[in-house]
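Here are my notes on the model you sent over, set out as numbered points. Keep the structure open beside you as you read.

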Amino acid sequence: MALLFAIIVILVTTAMSLPPVIRIGAIFTEDQKDSPSELAFKYAIYKINKDKTLLANTTLVYDIQYVPKDDSFRTSKKACKQLSRSVQGIFGPSDPLLGAHIQSICEALDVPHLEARVDFEPTFKEFSINLYPSQDHLNKAFKDLMSFLNWTRVAIIYEEDYGLFKLQDLVKSPPSSRTEMYIRQAGPGSYRQVLREVRHKEIYKLIVDTDPAHMQQFFRAILQLQMNDYRYHYMFTTFDIETFDLEDFKYNSVNMTAFRLVDLEEPKVAEVLRQMERFQPIGHAILNKTGVIQAEPALVYDSVQVFAHGLAALDRSHDLRPANLSCEKEEPWDDGLSLYNYINAVRTFYDFKLSSLLAPCRLLHYAKISLRSEFYVRNRTCQCLLKVAC
């Protein structure tokens, strides 16, 4: 009888390597409260908890904190509070300054930090898993596209100061030695003035890095200056060009090009979005009014998926023992490195196979001419087929 009891205890202990409840933290800025990104995070948790095939004996519980934008002190305090409550990972925030502070805390305590933000520092960061495409890779993709389209005179219009920082590699080493660059900073109050200067210089190829909140004002300036005929070609750095109202450009020959992350033509992706939209009462709020999900909520959704798949992989071979951590003592979490390694392995696999919503390097090219044709160009940076319609 004692032997049978011992065998049962060993089997149960081996099978239950994950605790029944796993807490994860998330930090959003106050302006992101009830935003599509936060709702996508909550929906991803709900989806994983409902589908017991991935984490059969474990429930994910989230701890969400809201912080003022650009207040790194308060953000750090709230992250430390989450860590004292034994969260096994922290998601966000998407703000570059705040994200860097949280990353340093997680690195000191060996806690996985999952991000979905632009990172201007190309150096490796331990315990950070960032699903946002590398800016270095994006710049190479822009260069490849410029070479393919044979752009030799280009205007770069950026709005925020970091916009030029993002594109500095493109400026310092253009795809061709004979490429001429005209660089100007512009905002809603100066769009028309800068575009007028571009038109005066007879530059017809433009790279636009503007605040998505001001995109419609930029479109209005294009129309007012009549810079929307077949000669003009705009390449936008935003991944969300499909979410904007392009009706005014539907019946002219202007060219608009952008990369997208979410492949709406993939049946599995379409099914995920349909299920997301049906999820009441927040489903419609996650998706844009055009029925398209923006890049950031999609990245947040997939980051939760990557975390859960990392937990499932760890569950097959390791025990996970939650710990209440202290930012003052800075004693690392014993199991943090193992969890990070499994999540990171899933993240690498995710780039090519696992993605439930994203399709890196998908290229959109809008143009209206009498004959519409499609062809494929292989992008050597992203190692994927880009579908170009023109």
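**Notes on the predicted model**

1. Let me start with one residue, Tyr158, which lies in strand E6, spanning residues 153–158. Please keep in mind as you look that this is a predicted model. Tyr158 has a relative accessible area of 11% and counts as buried, because buried means under 20%. Setting aside neighbours within four places in sequence, its contacts are Gly163, Leu164, Ile183, Arg184, Gln185, Ala186 and Asp209. One of these partners, Gln185, is 27 residues away along the chain, yet its C-alpha atom is separated from that of Tyr158 by 5.0 Å.

2. Now the chain as a whole. There are 390 residues, and 50% of them count as buried. The secondary structure comes to 13 helices and 13 strands. If you take the contacts between residues at least 6 apart in sequence, 69% of them join residues at least 24 apart.

3. Gln65 is another residue to click on, and its place is in strand E2, residues 59–67. Is Gln65 buried or exposed? Its relative accessible area is 15%, so Gln65 is buried, the limit being under 20%. Beyond neighbours within four places in sequence, Gln65 is in contact with Ala26, Ile27 and Phe28, and also with Lys78, Gln82 and Arg85. Strand E1 covers 21–29 and helix H3 covers residues 72–84, if you want to place these partners.

4. Two residues deserve a look for their backbone angles. Asp70, in the loop between E2 and H3, is not a glycine but has a positive phi of about 70°. Asp110, in the loop between H4 and E4, also has a positive phi, near 60°, and is likewise a residue other than glycine. What does accessibility say about the two? Asp70 counts as exposed at 53% relative accessibility, because exposed means over 50%. Asp110, at 18% relative accessibility, counts as buried.

5. Between those two loops come helices H3 (residues 72–84) and H4 (residues 96–109), whose axes come within 9 Å and cross at roughly 35°. The crossing is right-handed. On the H3 side the contact is made by Ser72, Thr75, Ser76, Ala79, Cys80 and Leu83, which meet Leu98, His101, Ile102, Ile105 and Leu109 of H4. Which classes of residue make up this contact? There are 7 nonpolar and 4 polar residues, and no charged ones.

6. Please also check the peptide bond between Gly92 and Pro93: it is cis, with omega about 0°. Pro93 is found in the loop between strand E3 (90–91) and H4.

7. On to the enclosed spaces. How many cavities of 30 Å³ or more are there? The count is 4. The largest cavity holds about 130 Å³ of space. It is lined by 15 residues, and the closest to its centre are Phe28, Phe91, Gly92, Ala116 and Val300. Gly92 is the partner of Pro93 in the cis bond, and Phe28 is among the contacts of Gln65. Strands E1 (21–29) and E4 (113–115), together with H12, each give two or more residues to this lining. By class the lining divides into 9 nonpolar, 4 polar and 2 charged residues.

8. The second largest cavity has about 60 Å³ of space. Its lining consists of Phe239, Asp240, Glu242, Arg260, Leu261, Val262, Val292, Ile293, Gln294 and Ala295. Strand E10 (residues 255–262) gives the most to this lining, with 3 residues. Of the lining residues, 6 are nonpolar, 1 is polar and 3 are charged.

9. Finally, the second largest pocket, with a volume of about 1300 Å³. It is lined by 43 residues, and Tyr162, Asp211, Pro212, Asp240 and Glu296 are the closest to its centre. Asp240 also belongs to the lining of the second largest cavity. Helices H2 (36–50), H5 (135–149), H6 (161–166) and H12 (295–315) each give two or more residues to the pocket lining. Which element gives the largest share? That is H12, with 4 residues. By class, this lining has 17 nonpolar, 13 polar and 13 charged residues.

Terms used: Residues numbered from 1 in each chain as written. Predicted model: local features only at pLDDT ≥ 70, side-chain atom pairs only at ≥ 80, totals over all residues. Heavy atoms only, no water. 1 Å grid on protein atoms, 1.4 Å probe; cavity = no way out; pocket = protein on both sides within 12 Å on 5 of 7 lines; lining within 4 Å. Points joined across faces, edges and corners; volume = space filled by probe spheres on them. Nonpolar A, V, L, I, M, F, W, Y, C, P; charged D, E, K, R; others polar. Axes fitted to C-alpha atoms, helices over the stretch in contact; angles between N-to-C directions. Left-handed = near helix turned anticlockwise from the far one by under 90°. Contact = heavy atoms within 4.5 Å. Buried < 20%, exposed > 50% of the residue type's maximum accessible area, 1.4 Å probe, protein only.
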